[in-house]
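Work through the exercises below with the sequence and the coordinates at hand. Each task is followed by a solution in steps.

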Amino acid sequence: MGRAPSLDDLAEIAERAFAELPEGFRRLAGEVVFRVDDFPEPEVLAELGIEDAFELTGLYQGVDLSRRSVLDGSAHPSRVFLYRRPILDEWAERGDVTLEELVTHVLVHEIGHHFGLSDDDIDAIEDAAE
């Protein structure tokens, strides 16, 4: 049995996944910063009302594009967090997708929030694409 993918391994998978998205999608995403951590910070879980850290595979943090203004002087770039351990746990439990497919799914989902889409909006788009 091989070793579990590291934070750097997952970051490389995410970078490849982003690079393989349509150019227009990448351009619209703009200057989003991607970060891979093992788990979300306890404060993040508390803020979201999540008790089990394995329930959160990704998170968008920032002002989404639908609510931005040229007058905003936001000092913090928008960020997409991918959480390694919950992603690996879901991947192992599901067994019906590759790790690359799951990382791409989480990445696209969180970028959807960057675009101002709700979870329901994203689910509807995914359902229509299937």
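The exercises that follow concern a predicted model.

**Exercise 1. Overall layout**

Task: State how many helices and strands the protein has, and in which order the elements run.

Solution.
- Step 1. The protein contains six helices and three strands.
- Step 2. Read from the N terminus, the order of the elements is α-α-β-α-β-β-α-α-α.
- Step 3. Of the 130 residues in the protein, 33% are buried.
- Step 4. The accessible surface of the protein amounts to about 8400 Å², and carbon and sulfur atoms account for 51% of that surface.
- Step 5. Among contacts with a separation of 6 or more, 68% join residues that are 24 or more positions apart.

**Exercise 2. The nonpolar cores**

Task: Find the residues with the most contacts inside the largest nonpolar core, and the elements that supply at least two residues of this core.

Solution.
- Step 1. The largest nonpolar core has 20 residues, and Leu-82, Ile-87 and Val-103 have the most contacts inside it.
- Step 2. At least two residues of this core come from each of helix 1 (7–19), strand 3 (79–83), helix 4 (84–94) and helix 5 (99–114).
- Step 3. Helix 5 gives the largest share of this core, six residues.
- Step 4. A second core, separate from this one, has eight residues, including Leu-45, Leu-56, Leu-59 and Tyr-83.
- Step 5. For Leu-82, set aside residues up to four places away in sequence; the residues it then touches include Ala-14, Ile-87, Val-103, Val-106 and Leu-107. Arg-35, Asp-37 and Thr-57 are also among the residues that Leu-82 touches.
- Step 6. As general background, nonpolar side chains in soluble globular proteins tend to be buried together.

**Exercise 3. The faces of helix 1**

Task: Determine which residues of helix 1 are buried, and how they are arranged around the helix axis.

Solution.
- Step 1. Helix 1 has 13 residues, and its first and last C-alpha atoms are 18 Å apart, close to the expected 18 Å at 1.5 Å a residue.
- Step 2. Leu-10, Ile-13, Ala-14, Ala-17 and Phe-18 are the buried residues of helix 1.
- Step 3. Viewed down the axis of helix 1, these buried residues fall within an arc of 135 degrees, so they line one face of the helix.
- Step 4. Asp-8 and Glu-15 are exposed on the other side of helix 1.
- Step 5. The packing partners of the buried residues of helix 1 are helix 2 (23–29), strand 1 (33–37), strand 3, helix 4 and helix 5.
- Step 6. The N-terminal end of helix 1 is capped by Ser-6, which has a side-chain oxygen 3.3 Å from the backbone nitrogen of Asp-8.

**Exercise 4. Two residues of helix 5**

Task: Decide whether His-109 and Glu-110 are buried or exposed, and list their contacts beyond four places in sequence.

Solution.
- Step 1. Helix 5 has 16 residues and reaches 23 Å from its first C-alpha to its last, close to the 22 Å expected at 1.5 Å a residue.
- Step 2. His-109 is in helix 5, and Glu-110 lies in helix 5 as well.
- Step 3. Buried means under 20% relative accessible area. His-109 has a relative accessible area of 13%, so it is buried.
- Step 4. Glu-110 has a relative accessible area of 6%, so Glu-110 is buried too.
- Step 5. Apart from neighbours within four places in sequence, His-109 is in contact with Asp-119 and Ile-122. The side chains of His-109 and Asp-119 make a polar contact (2.9 Å).
- Step 6. With the neighbours within four places left aside, Glu-110 is in contact with Gly-58, Leu-59, Tyr-60 and Val-80.
- Step 7. After helix 5 comes Gly-116, which has a positive phi near 100 degrees.

**Exercise 5. A serine in a loop**

Task: Locate Ser-78 among the elements, and find which side chain its own side chain contacts.

Solution.
- Step 1. Ser-78 is in the loop between strand 2 (58–61) and strand 3.
- Step 2. The relative accessible area of Ser-78 is 3%, so this residue is buried.
- Step 3. The side chain of Ser-78 makes a polar contact with the side chain of Tyr-60 (2.8 Å).
- Step 4. Ser-78 and Gly-62 are 16 residues apart along the chain, and their C-alpha atoms are separated by 4.4 Å.

Terms used: Residues are numbered from 1 along each chain as its sequence is written. This is a predicted model: local features need pLDDT of at least 70, side-chain atom pairs count only at pLDDT 80 or more; totals for chains, interfaces and linings use all residues. Side-chain values use heavy atoms; hydrogens and water are left out. Helices (H or I, at least four residues) and strands (E, at least two) are DSSP runs, numbered from the N terminus. Buried means under 20% relative accessible area, exposed over 50%, partly exposed in between (1.4 Å probe, protein chains only). Contact means heavy atoms within 4.5 Å. Accessible areas come from the Shrake-Rupley method with a 1.4 Å probe; for residues, only the protein chains shown count as cover. A nonpolar core is a set of buried Ala, Val, Leu, Ile, Met, Phe, Trp, Tyr and Cys residues joined through side-chain atoms within 4.5 Å. The expected span of a helix is 1.5 Å times one less than its number of residues. The arc is that of the directions from the helix axis to the C-beta atoms. A polar contact is a pair of N or O atoms within 3.5 Å; within protein, one must be able to donate a hydrogen and the other to accept it, and residues adjacent in sequence count only if both atoms are side-chain atoms.
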